Amino acid sequence: MTASLTPLALTCAALLAAGYGLIAALSLAPATRAQARGLWPILLTETVIVGAVVTALWLGGPVLRAALALMALRVGYEAARVILRARPELALTVGVALMLASQGAATLPFVPTAAFALLAWGAALAIKLAKYRGPWLDMAVFPALPLSLFVAFALNGGAATLLAAFLLVEIFDSFALLGGKLFGRTPIFPRLSPRKTVEGLATGTIMLMALAALLGPPIINVPVSTGIAAACLTGILAVAGDLAASRLKRSASVKDYPAILPHQGGLLDITDAWIATGAGFALVTALS
């Protein structure tokens, strides 16, 4: 998939503006006014997130490297606090280790690194499926290995693809949230993620496929079929990343990761779906 940062960044801005218009319209309609009122704070927080992501990927170079280092540091800290139930000083050490590991992975040839990451992740997952329980293994499966691959890809020419992944995840999540607020009745993962509904995920999937088919050819220079395939892969990986992060919280009997923004949990809550999707896109790019 070839992509350019400029049209992707403009598309992010246009869709964000469309989101403001849509929620404003819903706020004026009596039937949806109450539900729409609760979406405004979430949209404002999303604006901050989109602005930070687009700026870091757009500027690239030292700014992107620093942003990814801080991302790995914070995600490692949050994961250690929850999964390992570590004290702040140990959690910070884990965060530094993940930051150094992910930055180190970016200095290696990307294709062999991606192949090794896939094999390591498969081995860790196989051990878990064999009923071995251990918090360090949980951290390796998610978020450590996917995030290391994510960072390596970003720093080896994958910034535009990761911005495309971010855009797809945001579209999926936004419409899934909207569909869940307006039509959600049937929980689909009642234990891991009680607020996710069949109706919300169906809305997110349908709208993502439609927009990917419409915007894929002019924005990222792919045929309609590839856009739809990317949308389907995004839906699967985004839900998987979100559920992986939620499972870690549930297993530790914790409601949220340490908060970093209002109306969000921690940075891992904000980026879990993007980390999983970006790592998946990185593998597809490396192994295709």
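Helices are DSSP runs of H or I of at least four residues, numbered from the N terminus. The model examined here is predicted.

Helix 9 supplies the largest share of the lining of the second largest pocket, with 7 residues. The volume of this second largest pocket is about 520 Å³. Its lining comprises 23 residues, of which W121, V141, F142, P146 and A244 are the closest to the centre. Two or more lining residues are contributed by each of helix 6 (110-129), helix 7, helix 9 and helix 10 (267-287). By residue class, the lining of the second largest pocket divides into 18 nonpolar, 2 polar and 3 charged residues.

F142, one of the residues closest to the centre of the second largest pocket, also takes part in a cis peptide bond. The bond runs from F142 to P143, and its omega is near 15°. P143 is placed in helix 7, which spans residues 135-183.

Enclosed space was examined next. The model contains 1 cavity of 30 Å³ or more. The volume of the largest cavity is about 140 Å³. Of its 13 lining residues, L167, L168, A212, L215 and I220 are the closest to the centre. Helix 7, helix 8 and helix 9 each provide at least two residues of this lining, and helix 8 gives the most, with 6 residues. The lining of the largest cavity consists of 11 nonpolar and 2 polar residues, with no charged residue. Helix 7 and helix 9 are thus named for the lining of the largest cavity and also for that of the second largest pocket.

Backbone geometry was also considered in the loops. A positive phi in a residue other than glycine is found at R85, where the value is near 50°. R85 lies in the loop between helix 4 (61-83) and helix 5 (88-105). The relative accessible area of R85 is 57%, and this residue is therefore classed as exposed, the cut-off for that class being over 50%.

N221 likewise is a residue other than glycine with a positive phi, here near 60°. The loop that holds N221 connects helix 8 (198-220) and helix 9 (224-251). Because its relative accessibility is 59%, N221 also counts as exposed. Helix 8 and helix 9, which flank the loop of N221, are among the elements that line the largest cavity.

Definitions and conventions: Residues are numbered from 1 along each chain as its sequence is written. This is a predicted model: local features need pLDDT of at least 70, side-chain atom pairs count only at pLDDT 80 or more; totals for chains, interfaces and linings use all residues. Side-chain values use heavy atoms; hydrogens and water are left out. Buried means under 20% relative accessible area, exposed over 50%, partly exposed in between (1.4 Å probe, protein chains only). On a 1 Å grid over the protein atoms alone, a cavity is a set of points where a 1.4 Å probe fits but cannot get out, and a pocket is an open set with protein on both sides within 12 Å along at least five of seven lines; lining residues have an atom within 4 Å of a point. Grid points are joined across faces, edges and corners, and a volume is the space filled by probe spheres set on the points. Ala, Val, Leu, Ile, Met, Phe, Trp, Tyr, Cys and Pro count as nonpolar, Asp, Glu, Lys and Arg as charged, and the others, Gly among them, as polar.
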